[in-house]
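These are my notes from going through one model. I took the overall fold before single residues.

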Amino acid sequence: QVQLVEFGGGLVQPGGSLRLSCTVSGRTSSKYTTGWFRQAPGKEREFVAAINWSGARTQHADSVKGRFTISRDNAKNTVYLQMDSLKPEDTAVYYCAADRRSIVEVITSASRYTYWGQGTQVTVSS
């Protein structure tokens with residue numbers, strides 16, 4: 001089994017920045033595509049960003065495009081989400097997800113991901 005652990009959440013003022021990281025343990029030799037999702041209380045889980053194995057393909061939700069950037073460092077088994085110009089509406093629990101079924105495509109649907117982290121809280125407030 002593969003385990004994902006998110007790190008980097010916290011409290012930040014509007015306009016501030018945070019960088020989330022997602023480390024993978026278990027079958028780390030396997031290639032995988034990765035995504036970030038977020039969920040606020042009373043809301044459905046929302047796609048944020050995704051990246052394929054090589055990093056050549058990325059996709060960002062319109063709500064975060066231009067502010068968030070997904071990247072990865074396969075040598076460290078880590079995926080990052082750089083969040084800039086944070087807004088109060090970005091407040092949510094952020095989850096990292098991974099899937100080994102494809103190393104080329106970018107997956108934006110939560111239902112297509114096999115492995116999930118426990119989430120990290122991001123709060124944007126003054």
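Before anything else I fixed the burial cut-offs: buried means under 20% relative accessible area, exposed means over 50%, and partly exposed is what falls in between. I applied this to serine 85, which has 41% relative accessibility and therefore counts as partly exposed. I also note that this is a predicted model.

**Entry 1. Overall fold**

I looked up the secondary structure and found zero helices and eleven strands in the protein. Along the sequence the pattern reads β-β-β-β-β-β-β-β-β-β-β. I then checked the radius of gyration: it is 13 Å, close to the 14 Å that the globule rule gives for 126 residues, so the protein is as compact as a globular protein of that length. Along the principal axes, the C-alpha atoms fill a box of roughly 40 × 30 × 25 Å.

I asked what share of the residues is buried. The value is 44% of the 126 residues. For contacts with a separation of 6 or more, I found that 59% are between residues 24 or more positions apart.

**Entry 2. Surface and charge**

I recorded an exposed area of about 6500 Å² for the protein, with carbon and sulfur atoms supplying 45% of it. For the charges I noted 15 positive and 10 negative side chains. The centres of these two sets lie 6 Å apart.

**Entry 3. The disulfide**

How many disulfides does the protein have? I count one. The link runs from cysteine 22 to cysteine 96, with an S to S distance of 2.2 Å. Cysteine 22 sits in strand β3 (residues 18-25) and cysteine 96 in strand β9 (residues 92-99), so the pair ties together parts that are 74 residues apart in sequence. I read -85 degrees about the S-S bond, and the link of cysteine 22 and cysteine 96 is left-handed. I checked burial as well: both cysteine 22 and cysteine 96 are buried.

**Entry 4. Tyrosine 94**

I stayed on strand β9, where tyrosine 94 is placed. Is tyrosine 94 buried or exposed? Its relative accessible area is 0%, so I list tyrosine 94 as buried. Leaving out residues up to four places away in sequence, I find tyrosine 94 touching Glu6, Leu20, Trp36, Phe37, Arg38, Val48, Phe68, Leu81, Met83, Gly119, Thr120 and Val122. I also looked up the distance from tyrosine 94 to cysteine 22: the C-alpha atoms are separated by 10 Å, and the two residues are 72 apart along the chain.

**Entry 5. Glycine 16 and serine 85**

I found glycine 16 in the loop between β2 (10-12) and β3. Its relative accessibility is 18%, so glycine 16 counts as buried. Which residues does glycine 16 touch, not counting those up to four places away in sequence? I list Met83, Asp84, Ser85 and Leu86. For methionine 83 I also have a C-alpha distance to glycine 16 of 8.3 Å, at 67 residues apart along the chain.

Serine 85, one of those contacts, is in the loop between β8 and β9. I noted a positive phi of about 50 degrees for serine 85, although it is not a glycine.

**Entry 6. Asparagine 77**

I looked for a positive phi elsewhere and recorded asparagine 77, which has about 55 degrees although it is not a glycine. I place asparagine 77 in the loop between β7 (68-73) and β8 (78-83).

**Entry 7. Serine 25**

I went back to strand β3, where serine 25 lies. With 33% relative accessibility, serine 25 counts as partly exposed. Outside the residues up to four places away in sequence, serine 25 touches Gln1, Val2 and Gln3. I also took the C-alpha to C-alpha distance from serine 25 to glutamine 82: 21 Å, with their positions 57 residues apart in sequence.

**Entry 8. Glutamate 44**

Where is glutamate 44 found? I put it in the loop between β4 (33-39) and β5 (46-51). At 72% relative accessibility, glutamate 44 counts as exposed. Not counting residues up to four places away in sequence, glutamate 44 touches Arg38 and Gln39. I had already listed Arg38 among the contacts of tyrosine 94.

Notes: Residues are numbered from 1 along each chain as its sequence is written. This is a predicted model: local features need pLDDT of at least 70, side-chain atom pairs count only at pLDDT 80 or more; totals for chains, interfaces and linings use all residues. Side-chain values use heavy atoms; hydrogens and water are left out. Helices (H or I, at least four residues) and strands (E, at least two) are DSSP runs, numbered from the N terminus. The radius of gyration is taken over C-alpha atoms; the globule rule is 2.2 Å times the number of residues to the power 0.38. Buried means under 20% relative accessible area, exposed over 50%, partly exposed in between (1.4 Å probe, protein chains only). Contact means heavy atoms within 4.5 Å. Accessible areas come from the Shrake-Rupley method with a 1.4 Å probe; for residues, only the protein chains shown count as cover. Lys and Arg count as positive and Asp and Glu as negative; His and the chain ends are not counted. The place of a charge is taken as NZ of Lys, CZ of Arg, CG of Asp or CD of Glu. A disulfide is a pair of cysteine sulfur atoms within 2.5 Å.
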